[in-house]
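The report below describes one protein model, moving from single residues to annotated sites and then to helix packing. Please read it alongside the sequence and the coordinates.

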Amino acid sequence: MITPALASRGEVIKWMEDFVGEKISEFLKTVEDSWQPADLLPDATMENFFDEVKELRERARDLSYDLLAVLVGDTITEEALPTYESWLMTIDGLPKDPSGPWMVWNRAWTAEENRHGDVLNRYLYLSGRINMREMEASTQYLIADGFDLQTDNDPYRSFVYTSFQETATNISHRRVAQLAKKQGDTQLAKLCGHVAADEARHAKAYKSFVGKIFEADPNEMMLAFEDMMRKKIVMPAHYMRELGVDLGKTFGHFTDAAQRLGVYTSADYTDILDGLIKEWKIEALTGLDEAGERARDYVMALPARLKRVAERMKVPELEYKFRWIAS
């Protein structure tokens, strides 16, 4: 058993190996039991393929401009997966044994996530409403530009980030599914629902990792949680850009579209934080020193403060035309 008072981050992460191994089977599915993009889209080997594509395009014709914009942004985010996998490999103290639980988790998580970009990309291509070259350029930009999540390669901060971000991604895909259904595209709704379900499982896993760290090293984990919330959680696609558009501008317009639709809002950010505080039982934590207590006080007070800010925010108006959208 690890001695919390003497534990380094590396020792805590090593101590968690058996726990992580258990979570692989609990929160990820085997390849045999997983859905694949081909299950959700027209099958090119079938004689009715072109009829199904025609029906898909007819349904997609009624999707709103903002919904398409959010869908493209979500797709670009999912397709930047090589960046996210590489980032996880840089976390300090993460054992690099290829057959060990941490590396098995990283590969298995990546394998599940990889299907998301594939299925969304194929849908958008078949819809006929997207300038695919423009979208593909944005994906290449995002992978080439990388990102700065301000986690400093620290496992504690990194898992706060993934707990928050996977929860946010679940919300976004789930809301897009609901809107697609309302706008008459049940196929897109089903597709996004499958993606959202994956993200929900992944969020539960990362939350459980942080919960386990709180057991072994509550004070340092509390300080890491506070630090990430002071910095603010940025989405992984915050460097998203279009051809000929300055870095940062495209992502701002993308988030505006998400706010207008109610797909992901400042209120959701606050709700996620509130949920993490409850999930990790922050109010009842023991073993905190003076700095840890101050960190807890800051985090506990933050949701109420953020709610007041969110209430004053105005929904941005549609004033931008994305290069991605052809019609």
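Cysteine 192 is placed in helix H9, where helices are DSSP runs of H or I with at least four residues, strands are runs of E with at least two, and numbering starts from the N terminus. With a relative accessible area of 0%, cysteine 192 is buried; buried means under 20% relative accessible area, exposed means over 50%, and partly exposed lies in between, for a 1.4 Å probe and protein chains only. Between the C-alpha atoms of cysteine 192 and alanine 177 the distance is 5.1 Å, although the two residues are 15 apart in sequence.

The model is predicted, so that local features require pLDDT of at least 70 and side-chain atom pairs count only at pLDDT 80 or more, whereas totals for chains, interfaces and linings use all residues. Residues are numbered from 1 along each chain as its sequence is written, and side-chain values use heavy atoms, with hydrogens and water left out.

**Packing of helix H9**

Two packed helices are described by the angle between their axes and by the distance between those axes. Here axes are lines fitted to C-alpha atoms, for helices over the stretch in contact, and angles run from 0 to 180 degrees between N-to-C directions.

Helix H9 (residues 186–216) packs with helix H8 (residues 155–182) at an angle of about 160°, and the two axes are 7 Å apart. That angle makes H8 roughly antiparallel to H9, on a scale where angles under 35 degrees count as roughly parallel, over 145 as roughly antiparallel, 65 to 115 as roughly perpendicular, and the rest as oblique. H8 passes H9 in a left-handed crossing, the term for a near helix turned anticlockwise from the far one by less than a right angle, with right-handed used if the turn is clockwise. In the contact of H8 with H9 the residues divide into 17 nonpolar, 8 polar and 5 charged, where Ala, Val, Leu, Ile, Met, Phe, Trp, Tyr, Cys and Pro count as nonpolar, Asp, Glu, Lys and Arg as charged, and the others, Gly among them, as polar.

Helix H2 (residues 17–27) also meets H9, their axes coming within 10 Å and crossing at roughly 160°. H2 is thereby roughly antiparallel to H9, and the crossing of H2 and H9 is right-handed.

**Annotated binding sites**

UniProt, in an unreviewed entry, lists Glu78, Glu113, His116 and Glu199 under "binding site"; its positions are given in the numbering used here, feature names are shortened, and annotations may be inferred rather than shown by experiment. These residues span 122 residues in sequence, yet no two of their C-alpha atoms are more than 11.2 Å apart, so they gather at one spot. From this set, the lining of the largest pocket takes in Glu78, Glu113 and Glu199. On a 1 Å grid over the protein atoms alone, a pocket is an open set of points with protein on both sides within 12 Å along at least five of seven lines, a cavity is a set of points where a 1.4 Å probe fits but cannot get out, and lining residues have an atom within 4 Å of a point.

The unreviewed UniProt entry also places a "binding site" feature at Glu113, Glu166, Glu199 and His202. These residues span 90 residues in sequence, yet no two of their C-alpha atoms are more than 10.8 Å apart, so they too gather at one spot. Of this set, Glu113, Glu166 and Glu199 belong to the lining of the largest pocket.

Glutamate 78 has its place in helix H4 (residues 65–79) and counts as buried at 7% relative accessibility. Glutamate 113 lies in helix H6 (residues 101–127) and is likewise buried, at 4% relative accessibility.

**Leucine 68 and three loop residues**

Leucine 68 is found in helix H4 and is buried, with a relative accessible area of 1%. Its C-alpha atom is 14 Å from that of leucine 191, and the two leucines are 123 residues apart in sequence.

Glutamine 150 lies in the loop between helix H7 (132–145) and H8, as does asparagine 153. Glutamine 150 has a positive phi of about 60° although it is not a glycine, and asparagine 153 also has a positive phi of about 60° without being a glycine.

Tyrosine 239 is found in the loop between helix H10 (218–231) and helix H11 (249–261). Its C-alpha atom is separated by 7.5 Å from that of glycine 146, 93 residues away along the chain.

| Loop residue | Relative accessible area | Class |
|---|---|---|
| Glutamine 150 | 28% | partly exposed |
| Asparagine 153 | 32% | partly exposed |
| Tyrosine 239 | 25% | partly exposed |
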